[in-house]
Each structure stands twice: as structure tokens, then as C-alpha cells.
Amino acid sequence: GRGGAAAEPPSVPSTDVEPISETPPVGSTFSGDDSSDDSALWSIGAAAFDEIFKHQVVCKLVLEKFGHSQPARNIVATMLRASPKGLAAPVSVQEIFDALNADPDTAIDRQLLLQYLRMLESDSARIVTRVGGQGSSFVMDGRTELLVGTNSILDLLKERTMVSILTERYDTGEEATRGACARIYRVLRKVGFAEQNQVAELAMMPMKEARIHLYRMYKDKYVTYQEIPRGDLNPKTMIYLWRVSEGTAVVTQDIHKTLFNLRRRKAEEIAKHGLSSGEEGHLEGHEAARKHRCVLDRLDQAVVNLARMLRLFRC
């Protein structure tokens with residue numbers, strides 16, 4: 001809704017989770033049987049979940065950008081798996097080739113691998129960057145090393161998600177102004193700082209409209225401005241440079257508010273039909289029950305989408 005993030009936000013890209021090794025970490029004394037030490041303390045591997053999530057969204061973006069090309073996705077997934085946990089480490093072309101051809105399901109021709117690597121490197125999202133080697137062609141001698149641009153890809157996905165949030169949040173129902181705040185956000189992300197007249201010009205909208213949208217976004221803390229005095233401190237001669245607010249605290253707070261509202265709405269729907277919180281899965285039968293089940297399913301899906309979105313902004 002307009003009081004927070006979108007009620008049913010666009011889902012953050014996800015893919016099938018890569019298989020996780022069941023081998024205990026190096027140095028672990030876990031024996032795998034019931035006779036192990038009862039004093040052992042267990043905890044959730046939050047860092048591992050973060051890495052899996054990052055790999056999922058990166059691989060999903062590759063699939064989207066390259067027409068659901070499985071080879072392109074396999075190449076990036078192989079490079080991510082080759083990096084130490086939690087670290088971004090370069091991988092040589094030869095290592096990528098050997099790892100792909102170690103599995104018959106991902107085997108690839110040398111020339112096709114080079115073609116995909118060039119496309120990944122030249123993509124605007126900077127999916128892959130070269131950190132070693134010389135010249136414009138890849139050489140299979142181990143000297144050319146490549147790195148997956150995880151951070152730049154995550155930044156791109158955050159910007160896409162912010163655009164969707166701002167488009168829905170400031171939607172007035174008028175087609176002419178739909179997406180105006182999102183355009184301003186993109187402009188400021190690209191140029192860094194801009195005066196009001198520059199924002200209007202770059203976002204292709206009238207000055208008055210740009211001013212209205214800037215102050216709406218300023219009120220909600222999505223943008224801010226810096227005052228630059230021009231000789232004195234007279235407000236009339238002051239230069240005001242607009243920019244996107246730093247950090248993600250504002251959007252994550254909005255997402256938390258919307259999550260709370262969705263969960264409260266679900267609780268109200270369940271209570272309205274005289275069910276406890278664990279009985280909503282037993283709805284069946286007549287048309288009213290099916291409609292109620294549909295409402296609950298949509299609320300659950302919205303919560304899942306928002307949770308993924310929140311995880312993205314915390315990366």
C-alpha cells in the first residue's frame with residue numbers, strides 16, 4: 001500500500017538451492033551417531049544461508065539476462081562454488097573448463113565456454129570481470145583469471161526492487177505520473193547529486209512536478225539534499241543538491257511494517273472464520289471456504305516475497 005512497501009511486492013529472484021555437502025566442517029568432532037557428546041552446542045549457519053541466497057539471485061539474474069541459457073548459468077554457478085565460503089576469489093579459465101567437464105551434465109566445448117565468458121564479461125551488469133591475463137581473447141593457460149561481480153549484481157537487483165517499491169508506493173492512479181518517483185530515484189542514483197532543475201530535465205518531467213515528487217520522497221526519507229551557500233547564508237541564493245539517502249534503513253523499515261500488517265491481516269482472517277492459528281490448513285468444502293483459502297494463500301505468498309526482499313537489502 002502507499003503507507004509502506006507494496007502489499008504484494010515483486011518476488012526477489014530465486015533458483016533451486018545448490019546441494020549442500022553433508023560433510024561436517026574441517027575440525028569438527030561430530031561423529032554422526034547418537035553417542036556423540038551431549039554437551040555439544042549447535043547454532044544456525046546464518047553465513048551459509050546468506051551465501052546460498054546470494055548465489056541463487058546471481059544465477060537467476062544470469063538466466064534472465066541470457067534467455068534462460070543453462071550453460072551461462074552453469075559457468076557462473078561453477079565460479080561461485082570454486083570460491084572459498086564467504087569470499088570472492090578469482091578463478092582461472094582452465095579451472096572453470098575442468099570443473100564444468102568433470103560433470104557430464106555441465107560439459108562444454110572450449111570455444112563455447114570462451115564465447116559465454118566474453119558475453120558475461122561485456123554485460124552491463126558486470127557479471128564477470130577479468131583480473132588477470134592480457135589481450136582481448138581468453139587463453140586457456142591459467143593466467144587469465146575471472147571473478148563473479150556478486151556485489152555489482154546485488155546492487156543492480158536492489159535498484160530494480162527500489163524502483164518497483166517507489167512505483168507502487170507513489171502510484172496516484174494517474175497514468176501520466178506513474179513511475180515518476182522511480183525515474184527520479186534512477187536519475188539521482190546515476191548522477192549522485194543534482195539540482196532540482198537538473199532532476200526535472202533528466203527525469204523528463206515539468207519542474208513543478210519534479211519539485212512535488214522530490215518533497216514527497218524527502219518526507220519519507222528516500223532522498224535528501226545538501227545546502228551549498230553561494231557567498232552568504234541567504235536561503236534565496238542557496239544551492240540545493242538532491243541525492244538518494246544513504247543506506248537501506250528506510251526501505252527495510254517499510255518492509256517490516258508491511259510484514260507486520262500482512263501477518264495481522266492473516267490473523268484477522270483466521271479469527272473471522274473461528275479458526276486457531278494452526279487450523280487454517282483444514283479449510284475445505286463450500287465456495288466461501290475456498291475463497292478464504294485463496295486469501296490466506298495470497299497473504300502467505302506476499303510474506304514470502306517480502307522476506308526475500310528484506311534478505312536482499314541486508315546483503
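Two residues are in contact here when heavy atoms lie within 4.5 Å. Keep that cut-off in mind as you move around this predicted model.

**Stop 1: the whole chain**

Start with everything shown as a cartoon. You should find ten helices and five strands. Of the 315 residues of the chain, 37% count as buried. Among contacts between residues at least 6 apart in sequence, 61% join residues at least 24 apart.

**Stop 2: T106 and its neighbours**

Now select T106, in the loop between α3 and α4 (110–122). Which residues does T106 touch, leaving aside those up to four places away in sequence? They are N74, A99 and L100. With 18% relative accessibility, T106 counts as buried. Add I75 to the selection: T106 and I75 are 31 residues apart in sequence, yet their C-alpha atoms are 8.6 Å apart in space.

**Stop 3: where α2 meets α3**

Stay here and colour helix α2 (residues 70–82) and helix α3 (residues 93–101), whose axes are 10 Å apart. How are the two helices oriented to each other? They pack at an angle of about 110 degrees, and angles of 65 to 115 degrees count as roughly perpendicular, so α2 and α3 are roughly perpendicular to each other. To see the contact itself, show side chains for N74, I75, T78 and M79 on α2 and for I96, A99 and L100 on α3. These residues divide into five nonpolar, two polar and no charged. Two residues of α3 in this contact, A99 and L100, are also touched by T106, as is N74 of α2.

Before leaving, select F97 and R110. The charged end of R110 sits over the ring of F97, 4.4 Å from its centre.

**Stop 4: aromatic pairs**

Next, show the aromatic side chains. The model holds six aromatic pairs. Begin with Y170 and Y222, whose ring centres are 6.5 Å apart; their planes are at 80 degrees, so the pair is edge-to-face. Where in the chain do the partners lie? Y170 is in the loop between α5 (150–169) and α6 (180–191), while Y222 is in the loop between α8 (207–219) and β4 (223–228). The pair links distant parts of the chain, 52 residues apart. Y170 counts as buried at 12% relative accessibility, and Y222 counts as buried at 3%.

Move on to Y218 and Y225, a tilted pair with 5.2 Å from centre to centre and 40 degrees between the planes. Are these two residues buried or partly exposed? Y218, at 34% relative accessibility, counts as partly exposed; Y225, at 26%, is partly exposed too. Widen the selection to Y215, Y218, Y225, Y240 and W242, and you have one aromatic cluster.

**Stop 5: two positive phi values**

Finish with two loop residues. K221 is in the loop between α8 and β4, the loop that also holds Y222. Phi of K221 is near 70 degrees, a positive value in a residue other than glycine. At 56% relative accessibility, K221 counts as exposed.

Then go to H68, in the loop between α1 (46–65) and α2. What is the phi of H68 near? It is near 55 degrees, again positive in a residue other than glycine. H68 counts as exposed, with 54% relative accessibility.

Terms used. Residues numbered from 1 in each chain as written. Heavy atoms only, no water. Axes fitted to C-alpha atoms, helices over the stretch in contact; angles between N-to-C directions. Helix = DSSP H or I, 4+ residues; strand = E, 2+ residues; numbered from the N terminus. Parallel < 35°, antiparallel > 145°, perpendicular 65-115°, else oblique. Nonpolar A, V, L, I, M, F, W, Y, C, P; charged D, E, K, R; others polar. Phe/Tyr/Trp six-rings, centres within 6.5 Å; stacked < 30°, edge-to-face > 60°. Buried < 20%, exposed > 50% of the residue type's maximum accessible area, 1.4 Å probe, protein only. Lys NZ or Arg CZ within 6 Å of the ring centre and 35° of its normal.
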